[in-house]
Amino acid sequence: MIIGTKEFDTSKKTYIMGILNVTPDSFSDGGKYDNIDKALFHVEEMIREGADLIDVGGESTRPGSVYDSANIPEEIHRVVPVIEGIKSRFDIPISLDTYHAETARAGIAAGADLINDIWGLKFDPDMAGVIAESKVVCCLMHNRREADYQDYMNDLAADLADSIHLAEQAGIAEDKIILDPGVGFGKTYEQNLEVIRCLEELHMFGYPLLLGTSRKSVIGNTLNLPVDDRVEGTIATSVIGVMKGCSFVRVHDVKENARAVRMAEAILYGGK
């Protein structure tokens, strides 16, 4: 898979997607990187620690956050200068975390190489067309408004199949699609654990998988720890992601997770 100018071997390697939230209210690091200098310094730090991609987010999608279309111009105002700054200073693919076609269009024009859509193309009817036209990569995440399932893993797979169908209808190429099981979105605590445990079932689709568990409530609820003390729990899920064949893990704590991923890969595949 090619993202930006970089080639990613998604068959036997797990890549690190470093999280850069340029929002004032994200659940974990809101307000820490909401100006351009802080954001670019953190990008440099994450690259040094082993990030292979940077995921820029300009709207909080934490539990309880409320969508307001009036915020789209503010989202664009937050992410575009950061994307332009990263693109001009660093040679690293840039993901834009948005489910708004208007933001995606502006972000792609600024240099984004991947659109990370937490609604799997189902929120904004124009999103699939924007991605297809620009020929960037997309990550389609599983999501539901309510954790209401009849047959959990089969229902989750059916939801992802719907997102894939939307991508195919719009003309998004097969080699431009990544799937994300959506840990922390539209799922109970027990369901979050189950989808991590059953990740290998999602290889049925034939697309690379991205696992995003970093600092999430499933870790906090398991270990009874606050959001800023969940590094070890996140590492455990990243290692399971490697073992289950995930091609990407999306994390806040790049150094620690990159080391754990490399160690797990060495055990699974041998040597350096």
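In the predicted model, strands β3 and β4 run parallel and are joined by five bridges, among which Ile19 finds its bridge partner in β4 at Asp55. On the way to β5, strand β4 (residues 53–57) again runs parallel to its neighbour (residues 94–97), here through four bridges, and Asp55 has Ser95 as its bridge partner in β5. Strands of a sheet pair through backbone hydrogen bonds, in either a parallel or an antiparallel manner.

These pairings belong to an open sheet of eight strands with parallel pairing, in which the order is β8-β7-β6-β5-β4-β3-β10-β9. Because β8 (177–180) and β9 (210–211) stand at the edges and each has a single partner strand, one side of each is left without a neighbour in the sheet. Helix α5 (residues 152–170) packs on the sheet, where it touches β7 (137–141) and β8, and the direction of α5 makes about 150 degrees with that of β7.

The surroundings of β4 were examined further. Five of the five residues of β4 are buried, so this strand is largely enclosed by the rest of the structure. In a regular strand the side chains alternate between the two faces of the sheet. In β4, Leu53, Asp55 and Gly57 point one way, whereas Ile54 and Val56 point the other way, and all are buried. Ile54 and Val56 also appear, with Leu20, Ile86 and Ile172, as the residues that touch the most other members of the largest nonpolar core, which has 67 residues. A second, separate core consists of twelve residues, including Phe8, Leu114, Ile178 and Phe248.

Helix α9 (residues 254–269) was considered for its geometry and its packing. At 1.5 Å a residue, its 16 residues should span 22 Å, and the end C-alpha atoms are 22 Å apart, which agrees with that expectation. The buried residues of α9 are Val254, Asn257, Ala258, Ala260, Val261, Ala264 and Glu265; since these cover an arc of only 165 degrees around the axis, they lie on the same side of α9. Their packing is against β3 (15–21), α1 (36–49), α8 (231–243) and β10 (248–251). On the other side of α9, by contrast, Arg259, Met263 and Ile267 are exposed. Just after the helix, Gly270 takes a positive phi of about 90 degrees.

Key:
Residues numbered from 1 in each chain as written. Predicted model: local features only at pLDDT ≥ 70, side-chain atom pairs only at ≥ 80, totals over all residues. Heavy atoms only, no water. Core = buried A, V, L, I, M, F, W, Y, C linked by side-chain atoms within 4.5 Å. Buried < 20%, exposed > 50% of the residue type's maximum accessible area, 1.4 Å probe, protein only. Pairing = 2+ DSSP bridges. Helix = DSSP H or I, 4+ residues; strand = E, 2+ residues; numbered from the N terminus. Contact = heavy atoms within 4.5 Å. Axes fitted to C-alpha atoms, helices over the stretch in contact; angles between N-to-C directions. Expected span 1.5 Å × (residues − 1). Arc of directions from axis to C-beta.
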